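Here are a few notes to read alongside the model, in numbered points. Have it open on your screen as you go.

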Amino acid sequence: MTDIILRFENVTFRYPETLTEALQGLNLDVPRGKVTAILGPNGAGKTTLLRLAYGRYVPTRGQIWLEGRLLGAYTRQQIGRMVALVPQREANPFAYSLLEYVLLGRAPYLLPLQMPAASDVAIAWEALERVGLHHLARRSVQALSGGEYQLLLVARALAQQPRLLLLDEPTSHLDLANKKRLVECLRSLVSAGVTILMTSHEPEVVSALAQHVILMREGRVLHSGPLDALWTPEALSETYNVPLRVWTFNGHRYVTWES
Ligand SMILES: Nc1ncnc2c1ncn2[C@@H]1O[C@H](COP(=O)(O)OP(=O)(O)OP(=O)(O)O)[C@@H](O)[C@H]1O
């Protein structure tokens with residue numbers, strides 16, 4: 001087992017209906033057992049990177065390696081048992097209950113049309129408890145607030161019991177208490193050996209969680225390395241193309257604009 005769980009090698013990707021490449025010759029390594037945060041301006045390619053890592057899209061050029069094997073060599077079911085993706089949003093036309101929706105996370109472990117077993121229900125229930133939504137287990141997913149829906153997507157991913165968890169701006173709709181709950185939940189997953197690759201526009205969440213960061217711009221990696229080395233005004237200002245400051249207070253690091 002190597003220290004690198006996921007590797008992008010010279011990956012270029014262009015959405016079929018566009019002329020420009022969303023990712024341009026990307027090289028990156030995601031270290032095992034850590035939290036890696038991807039930061040960069042809107043449209044930098046962060047979500048696209050996560051979609052490729054989940055095998056939802058195939059690179060136009062280049063290669064993606066998961067656990068030392070080409071991602072394309074795995075079946076969809078094998079990927080679903082190893083990797084879970086929490087998207088920014090997801091259209092949901094069906095009135096599933098929350099418990100039923102989280103049970104969808106067990107699909108990679110079931111045969112087609114096989115009913116979930118009691119053990120699957122227990123795993124889904126525990127996932128709902130971890131994000132604090134168990135009291136809404138019977139409610140329709142169509143009757144949730146934005147933050148509750150975001151937590152539900154996390155719960156479904158937890159029910160997949162992945163070793164690599166991909167999260168796309170997972171705290172963007174959460175109140176302060178739920179942000180804290182999610183940060184603690186993600187920390188406990190990492191302690192249990194799960195690797196996390198997440199995007200975020202929230203520096204305080206990133207500095208509370210991540211050990212490793214990837215700074216992106218215009219479909220390219222600008223810098224990648226330990227958070228301590230890259231959490232600098234220079235690197236962050238270059239990434240966002242705006243003058244930024246980094247403050248440390250009580251051991252927490254904050255990023256603000258230069259006024
Ligand atoms: N389905 C799509 N079809 C065509 N172009 C797309 C599609 N999704 C994203 N893009 C384009 O690809 C580029 C990268 O988008 P992406 O969503 O990966 O950026 P991002 O860094 O996640 O941005 P944000 O911070 O705003 O979420 C952008 O130029 C975007 O307009």
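1. Let's begin with the six-stranded sheet of this predicted model. The sheet is open, its pairing is mixed, and its strands come in the order β6-β7-β8-β3-β9-β10. At the edges you will find β6 (83-86) and β10 (220-226); each has a single partner strand, so one side of each is left without a neighbour in the sheet. On average, neighbouring strands here are turned by 15 degrees against each other, direction ignored.

2. Next, the β10 end of this sheet. Six bridges pair β9 (residues 212-217) with β10 in the antiparallel sense. As a landmark, look for histidine 212, which stands opposite proline 226 in β10. Two helices pack on the sheet as well. Helix α5 (residues 146-159) touches β6 and β7 (164-168), and its direction makes about 175 degrees with that of β6. Helix α6 (residues 176-191) touches β3 (35-39), β7 and β8 (195-199), with its direction at about 145 degrees to that of β8.

3. Strand β8 deserves a closer look. How many residues of β8 are buried? Five of the five are, so β8 is largely enclosed by the rest of the structure. In a regular strand, side chains alternate between the two faces of the sheet. In β8 both faces are covered: Thr195, Leu197 and Thr199 are buried on one side, and Ile196 and Met198 on the other.

4. The partners of β8 are easy to trace. β7 pairs with β8 in the parallel sense over five bridges, and aspartate 168 has threonine 199 of β8 as its bridge partner. β3 also pairs with β8 in the parallel sense, over four bridges; here valine 35 has isoleucine 196 of β8 as its bridge partner.

5. Now to the other sheet I would like you to check. Four strands make up this open sheet, in the order β2-β1-β4-β5, and the pairing is antiparallel. β2 (23-31) and β5 (69-70) are at its edges, each with a single partner strand, so one side of each is left without a neighbour in the sheet. Inside the order, β1 (residues 4-13) and β4 (residues 61-66) run antiparallel and are joined by five bridges. Glutamate 9 stands opposite glutamine 63 in β4.

6. Helix α1 (residues 46-53) lies across β1, β2 and β4, running at about 115 degrees to β1. Is this helix mostly covered or mostly uncovered? It is mostly covered, with six of its eight residues buried: Lys46, Thr48, Leu49, Leu50, Leu52 and Ala53. After α1 comes glycine 55, whose phi is positive, near 80 degrees.

7. Which residues surround the ligand? They are Tyr15, Glu17, Thr18, Ala22, Gly40, Asn42, Gly43, Ala44, Gly45, Lys46, Thr47 and Thr48. This shell divides into three nonpolar, seven polar and two charged residues. Two of its members, Lys46 and Thr48, also appear among the buried residues of α1, which ties this point to the previous one.

8. Finally, a word on the annotation. UniProt lists residues 6-243 as "domain: ABC transporter", in an unreviewed entry. Over residues 6-243 the chain is 35% helix and 24% strand, and the end C-alpha atoms are 32 Å apart.

Key: Residues numbered from 1 in each chain as written. Predicted model: local features only at pLDDT ≥ 70, side-chain atom pairs only at ≥ 80, totals over all residues. Near = placed C-beta within 6 Å. Nonpolar A, V, L, I, M, F, W, Y, C, P; charged D, E, K, R; others polar. Pairing = 2+ DSSP bridges. Axes fitted to C-alpha atoms, helices over the stretch in contact; angles between N-to-C directions. Contact = placed C-beta atoms within 7 Å. UniProt positions renumbered as here; feature names shortened; annotations may be inferred. Buried ≥ 20, exposed ≤ 12 C-beta atoms within 10 Å, placed from the backbone.
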